[in-house]
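This briefing covers selected local features of one protein structure. The sequence and the coordinates are shown below.

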Amino acid sequence: MASPGYGKKSAPDQAPRKADTFAHLPEREAYIASHIDRLPEGAAIDVKTLAKELPPYGQQAIRTALNALAAAGHLRRQREPVGDERTQWVFRTYFSRTPRSDAWWARYLQGDVPQTQEEPLARGRRSEAYETLAALGRTDDRMTLSASECEELEPLAAEWLARGVPRGHLVRTLTADLPGVVHAPGAFARRRLTVKMPPEPLPERVPVRRRMMECANCGAPGRPEALSGGLCRPCHGEHEHEHVERPPVDVRSRAAAVREASRAGREAFLTKKKRGC
C-alpha cells in the first residue's frame, strides 16, 4: 500500500471491465493500464513501484506510459490538503477505466461528481409523474384523466417534479379554481402544466475547495483547464516531439568551419595590428 495520499483512487461510474477495455491504447500503455485497473484501492502506483511490479519496463518507460494514460483521459494526479486543520498536503492519483474528457475531470476533481444514470423502472411500475396525474380524479372528479392522457402529459408533470415542486402542490395547481364543467380535462391540464411551469432552480453554489491539479509528468501545479490531458504546456511540447527524429549533424564539417572562421579572424587581427604599428 502507498503512503497516505499517494495511493490509487478509482473514479466513479466506470464501465464494466472487459477483455478489450484498453484496446484503443498502444500495447505498452494497455498493459500498464490493465495492471493498474486490477490493483486495489490505495495501492501504490508511483513510477518506482510500477517499475518493480512490471519488470519488462523501466522507470522512464513507465513515466512515458503514465503520461500517455493521462492524455487519453484515464489518469489524473492532484495535490490537496488533509487533516483537521487542512495544513498537510498530499497527492492523489485518480484512475478511470473509462476514458474521461478534460471537462469531466475538472468537474470531478472540484467535487462536482457526475451522477449515475437512473435505472429504468421495473415492468408494471409507473413514474411518480404518471401516478400524480392518474390520481387527479380522486381529488376532483372533473379532472379525471384517461391512461393515454396521463402518458402524454407525463413528461410535463415530470419536469415540474424535477424543478422541486412537491407532488401535493402539483395536484393543487391542476385542481384549484376549476370551472363548473371541464369538457376536456386532458387539454385543461396541459394548458396549466405549460403556462404555470415554474422556473428552473438556480444552481447551488459549489464551495471553493483548496485543490490543485499537478502535471502527470513533472509535477508542476496548475488549474485543470491549464493541464490539458493532465500535462502542462512544456511537457505537452516534450511529449509531442518525443519521437521526432532529428537530422544527423556533420560534426567534422561544422568543426572545420569553426576553425576556418577562427583562423580568418586571427589573420584579420594581425593585419590590423601591423598597420597600426
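The points below deal with two helix packings and two single residues. The structure is a predicted model. Helix 7 takes part in both packings, meeting helix 8 at roughly 130 degrees and helix 9 at roughly 15 degrees.

**Helix 7 with helix 8**

- Helix 7 spans residues 147-162 and helix 8 spans residues 167-175, and their axes come within 10 Å.
- The crossing angle is roughly 130 degrees, so helix 7 and helix 8 are oblique to each other.
- Helix 7 passes helix 8 with right-handed geometry.
- On the helix 7 side the contact involves A157, W160 and L161, and on the helix 8 side R167, L170 and T173.
- By class, the residues of this contact of helix 7 with helix 8 comprise 4 nonpolar, 1 polar and 1 charged.

**Helix 7 with helix 9**

- Helix 9 covers residues 185-195, and its axis comes within 10 Å of that of helix 7.
- The axes cross at roughly 15 degrees; angles under 35 degrees count as roughly parallel, and helix 7 and helix 9 are therefore roughly parallel to each other.
- Helix 7 and helix 9 cross in a left-handed sense.
- Helix 7 contributes E149, E152, L153, L156, A157 and W160 to the contact, while helix 9 contributes G186, A189, R190, R192, L193 and T194.
- The contact of helix 7 with helix 9 holds 6 nonpolar, 2 polar and 4 charged residues.
- A157 and W160 are listed in the contact with helix 8 and also in the contact with helix 9.

**T175**

- T175 lies in helix 8.
- Its relative accessibility is 13%; since buried means under 20%, T175 counts as buried.
- The T175 side chain reaches the backbone oxygen of V171 at 2.8 Å.
- Setting aside residues up to four places away in sequence, T175 touches L136, T139, D140, M143 and R192.
- One of these partners, R192, is also among the helix 9 residues that meet helix 7.

**A72**

- A72 sits in the loop that runs between helix 3 (59-71) and strand 2 (75-82).
- With a relative accessible area of 27%, A72 is partly exposed, because that class lies between 20% and 50%.
- Apart from neighbours within four places in sequence, A72 is in contact with L25 and P99.
- A72 and G229 are separated by 157 residues in sequence, and their C-alpha atoms are 6.8 Å apart in space.

How values were computed. Residues numbered from 1 in each chain as written. Predicted model: local features only at pLDDT ≥ 70, side-chain atom pairs only at ≥ 80, totals over all residues. Heavy atoms only, no water. Helix = DSSP H or I, 4+ residues; strand = E, 2+ residues; numbered from the N terminus. Buried < 20%, exposed > 50% of the residue type's maximum accessible area, 1.4 Å probe, protein only. Contact = heavy atoms within 4.5 Å. Axes fitted to C-alpha atoms, helices over the stretch in contact; angles between N-to-C directions. Parallel < 35°, antiparallel > 145°, perpendicular 65-115°, else oblique. Left-handed = near helix turned anticlockwise from the far one by under 90°. Nonpolar A, V, L, I, M, F, W, Y, C, P; charged D, E, K, R; others polar. Polar contact = N/O pair within 3.5 Å; in protein donor to acceptor, adjacent residues only side chain to side chain.
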